[in-house]
Number of protein chains: 2
Amino acid sequence: MAFGDVQQAHARIRPYVVRTPLLESRTLNDLIGARVLAKAECLQNAGAFKFRGACNRLLQLTDAQRKAGVVAFSSGNHALATSAVGRMFGVPATIIMPADAPKAKIEGARANGATVILYDREKDDREAIGADIARKTGAIIVPPYDDPHIMAGQGTAGIEIVEQAQAIDAPLDVVIAASSGGGLVAGVATAVKHLSPRTAVYAGEPAGFDELARSLVSGQPETNAPGTRSICDSLQVAKPGKLTFPINKRYLAGSLVVTDDEVRQAMKAAYQHLKLVVEPGGAVPLAALLAGKLDVSGKTVAIVLSGGNVDASVFIEALKG
Amino acid sequence: MAFGDVQQAHARIRPYVVRTPLLESRTLNDLIGARVLAKAECLQNAGAFKFRGACNRLLQLTDAQRKAGVVAFSSGNHALATSAVGRMFGVPATIIMPADAPKAKIEGARANGATVILYDREKDDREAIGADIARKTGAIIVPPYDDPHIMAGQGTAGIEIVEQAQAIDAPLDVVIAASSGGGLVAGVATAVKHLSPRTAVYAGEPAGFDELARSLVSGQPETNAPGTRSICDSLQVAKPGKLTFPINKRYLAGSLVVTDDEVRQAMKAAYQHLKLVVEPGGAVPLAALLAGKLDVSGKTVAIVLSGGNVDASVFIEALKG
């Protein structure tokens with residue numbers, strides 16, 4: 001996956017995606033001591049950046065493939081996105097989700113007309129379930145991150161960030177995007193490092209699921225300990241992606257790790273100062289800035305607020321903190 | 001105040017305001033049975049459309065006036081906006097606010113560097129307090145709505161709505177904006193009826209503060225009973241504005257009245273489907289649609305979500321509902 005793929009994806013999906021705004025709050029700038037530009041991907045179709053990758057993939061299906069449908073396994077946002085794109089283009093979607101995924105995400109996928117199959121996160125192998133369905137029905141598997149079309153689609157957010165920052169004369173010193181499988185940050189880094197090589201691109205991860213931070217340090221794919229918990233339901237993988245890690249290793253300056261409390265504070269700050277509903281995983285880059293995980297004093301920093309699909313009970317806890 | 005004033009305001013304030021997105025949710029469309037385009041003015045600077053009018057007014061001060069500063073009386077958003085614009089242009093601002101205004105708004109005005117004077121909503125006369133300060137300091141009074149520059153500034157949201165709807169090939173059947181003093185809906189109606197005469201423009205009001213609805217029916221300015229309460233802190237006036245009412249009488253098709261419960265449900269719907277933090281008053285047009293106050297079946301409707309400055313306790317109550 002190279003920058004040309006991101007450019008092609010950008011042209012392909014543009015009529016179907018929201019060009020989400022790059023928002024700024026003076027108060028937030030003062031709190032952080034930097035100019036912070038927030039790419040509001042929570043305002044994307046289906047409430048998360050994942051719509052971009054799924055859209056780029058589904059637009060390249062043949063007519064026969066469109067009829068057979070698609071199957072996706074996902075902890076939530078990729079499920080919502082694939083079902084929403086499927087609905088938009090009339091492609092039947094089967095989604096395999098963990099039984100403990102947020103209700104908002106499970107109900108959302110069903111509302112989009114998808115067939116939802118729930119599995120046990122600890123016991124079942126979601127990839128095996130997906131492969132089995134694909135074999136039986138001829139459906140095409142739409143992976144959540146380890147796929148060049150998916151990475152290229154997510155990278156279109158990076159093209160927009162650079163264009164939008166240029167439009168307001170704000171050369172970017174730093175860009176931060178959350179990482180789970182690493183598709184978003186791989187795509188964004190590919191775009192940003194091509195268009196603005198001097199910009200440093202960082203991933204953000206929740207404590208306990210900091211496999212990318214450790215992998216970038218060791219140079220090898222590191223795994224997370226099983227049984228770990230985090231409020232960031234959308235950022236939980238065991239190890240870096242096979243296709244995403246080499247890209248992230250090449251482009252990223254590092255990965256910033258934040259605690260659940262730091263994430264809740266960032267969700268509250270996004271509520272107060274940006275008027276946005278941001279889910280835990282989507283708030284990680286803002287949490288990293290507010291908690292001072294990187295010295296950005298006087299710099300211009302773009303952060304991706306990658307999604308806004310969060311159960312009310314979790315959001316309320318963050319507001320009370 | 002005519003359409004030409006709105007056009008001039010649009011050119012004048014464009015570099016300083018956020019061109020807020022016109023957002024759409026498939027799920028919300030399905031719930032309402034119409035195509036609903038939400039103008040997210042909660043993402044405006046200072047968290048509300050009021051920034052537009054204050055910006056248009058302060059940009060027309062002379063150098064001497066800028067030094068003497070401005071004084072504004074406001075239940076909240078106009079305070080936040082005037083203080084934010086004052087800060088942006090280096091104009092000292094004194095803000096007269098009711099003591100029971102939301103903390104988020106009082107603290108926000110102070111964070112913007114304004115001098116905040118609190119008054120008793122039942123006993124004191126905020127206009128007299130403002131006039132007194134203006135007389136003593138030479139400060140210019142920036143009224144919340146009864147001012148042609150303020151109305152013209154708010155009307156720029158209407159120009160953007162029509163432009164943004166045209167850009168996605170969505171001719172507008174209906175536009176709805178909340179009304180308190182009526183400056184927003186007067187400005188928006190002036191713009192929309194000029195650019196798209198076939199579009200019906202409605203106000204939205206909370207029950208108990210439905211003076212405009214009754215005034216439009218009777219043809220005379222009607223007043224609200226004193227002592228009434230509403231969750232919509234930003235939509236509480238005693239009677240229609242002197243300058244705004246003739247404009248609203250000319251252009252509006254009516255005013256839709258909603259209850260506090262309907263407002264809370266709309267705040268929750270904006271959270272779920274649009275990922276936006278909308279304050280009670282800002283959610284009134286969405287509440288009117290969700291509660292079926294107008295038959296919009298199969299139509300295309302733009303609503304102004306006019307602000308997002310809401311205390312966490314009020315937002316939490318809405319999410320729990």
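**Exercise 1.** Place Tyr251(B) in its helix and list the residues around this side chain in the predicted model.

Solution.
Step 1. Start with the secondary structure: Tyr251(B) lies in helix α11 of chain B, which covers residues 244-251.
Step 2. Look next for contacts, leaving aside neighbours within four places in sequence. Tyr251(B) then touches Ala189(B), Thr190(B), Lys193(B) and Val201(B).
Step 3. Compare sequence and space for one pair. Val188(B) is 63 residues from Tyr251(B) along the chain, and their C-alpha atoms are separated by 9.9 Å.
Step 4. Check the polar atoms of the side chain. At 3.5 Å, the side chain of Tyr251(B) makes a polar contact with that of Arg250(B).

**Exercise 2.** Give the strand order of the open sheet of 6 strands in chain B, and find the helices α9 and α12 that pack on this sheet.

Solution.
Step 1. Read the order across the sheet: β1-β2-β10-β7-β8-β9 of chain B, with mixed pairing.
Step 2. Find the edges. Strands β1 (22-23) and β9 (254-258) of chain B each pair on one side only.
Step 3. Follow one pairing in detail. β1(B) and β2(B), the latter made of residues 35-40, are antiparallel and share 2 bridges. Leu23(B) has Ala38(B) in β2(B) as its bridge partner.
Step 4. Add helix α9 of chain B, residues 183-195. This helix packs on the sheet and touches β7 (174-178), β8 (200-206) and β10 (300-305) of chain B. The direction of α9(B) makes about 170 degrees with that of β8(B).
Step 5. Add helix α12 of chain B, residues 260-274. The contacts of α12(B) on the sheet are with β1, β2, β9 and β10 of chain B, and its direction makes about 90 degrees with that of β9(B).

**Exercise 3.** Describe the open sheet of 4 strands in chain B: which strands are at its edges, and which strands does helix α5 touch?

Solution.
Step 1. The order is β5-β4-β3-β6 in chain B, and the pairing is parallel.
Step 2. At the edges are β5 (115-119) and β6 (140-141) of chain B, each paired on one side only.
Step 3. Strand β3 of chain B, residues 70-73, runs parallel to β6(B) and is joined to that strand by 2 bridges. In this pairing, Val70(B) has Ile140(B) as its bridge partner.
Step 4. Helix α5 of chain B (residues 77-89) packs on the sheet, where β3 and β4 (93-98) of chain B are touched. Between the directions of α5(B) and β4(B) the angle is about 170 degrees.

**Exercise 4.** Characterise the interface of chain A and chain B by its area and its contacts.

Solution.
Step 1. Count the residues: 24 of chain A are in contact with 24 of chain B.
Step 2. Take the area. About 2,200 Å² is buried between the two chains, with carbon and sulfur atoms giving 61%.
Step 3. Ask which residues of chain A lose the most area to chain B. These are Arg87(A), Tyr271(A) and Lys275(A), together 30% of what that side buries.
Step 4. Turn to charged pairs. The rule finds 2 salt bridges across the interface. Arg87(A) forms a salt bridge with Asp30(B), with the closest N and O atoms 3.0 Å apart.
Step 5. Count the polar contacts: 12 residue pairs across the interface.
Step 6. Assign the side of chain A to helices. α2 (26-32), α5 (77-89), α12 (260-274) and α14 (312-320) of chain A each supply at least two residues. The largest share, 5 residues, comes from α14(A).

**Exercise 5.** Locate the salt bridge between Glu24(A) and Arg35(A) in chain A.

Solution.
Step 1. Begin with the total, which is 30 salt bridges over all chains.
Step 2. Glu24(A) and Arg35(A) form a salt bridge through their side chains, at 2.8 Å from N to O.
Step 3. Place both ends. Glu24(A) is in the loop between β1 (22-23) and α2 of chain A, while Arg35(A) is in strand β2 (residues 35-40) of chain A, 11 residues apart.

Definitions and conventions
Residues numbered from 1 in each chain as written. Chains lettered and ligands numbered in written order. Predicted model: local features only at pLDDT ≥ 70, side-chain atom pairs only at ≥ 80, totals over all residues. Heavy atoms only, no water. Pairing = 2+ DSSP bridges. Contact = heavy atoms within 4.5 Å. Axes fitted to C-alpha atoms, helices over the stretch in contact; angles between N-to-C directions. Buried area = accessible area lost by both parts, 1.4 Å probe. Salt bridge = Lys/Arg side-chain N within 4 Å of Asp/Glu carboxyl O. Polar contact = N/O pair within 3.5 Å; in protein donor to acceptor, adjacent residues only side chain to side chain.
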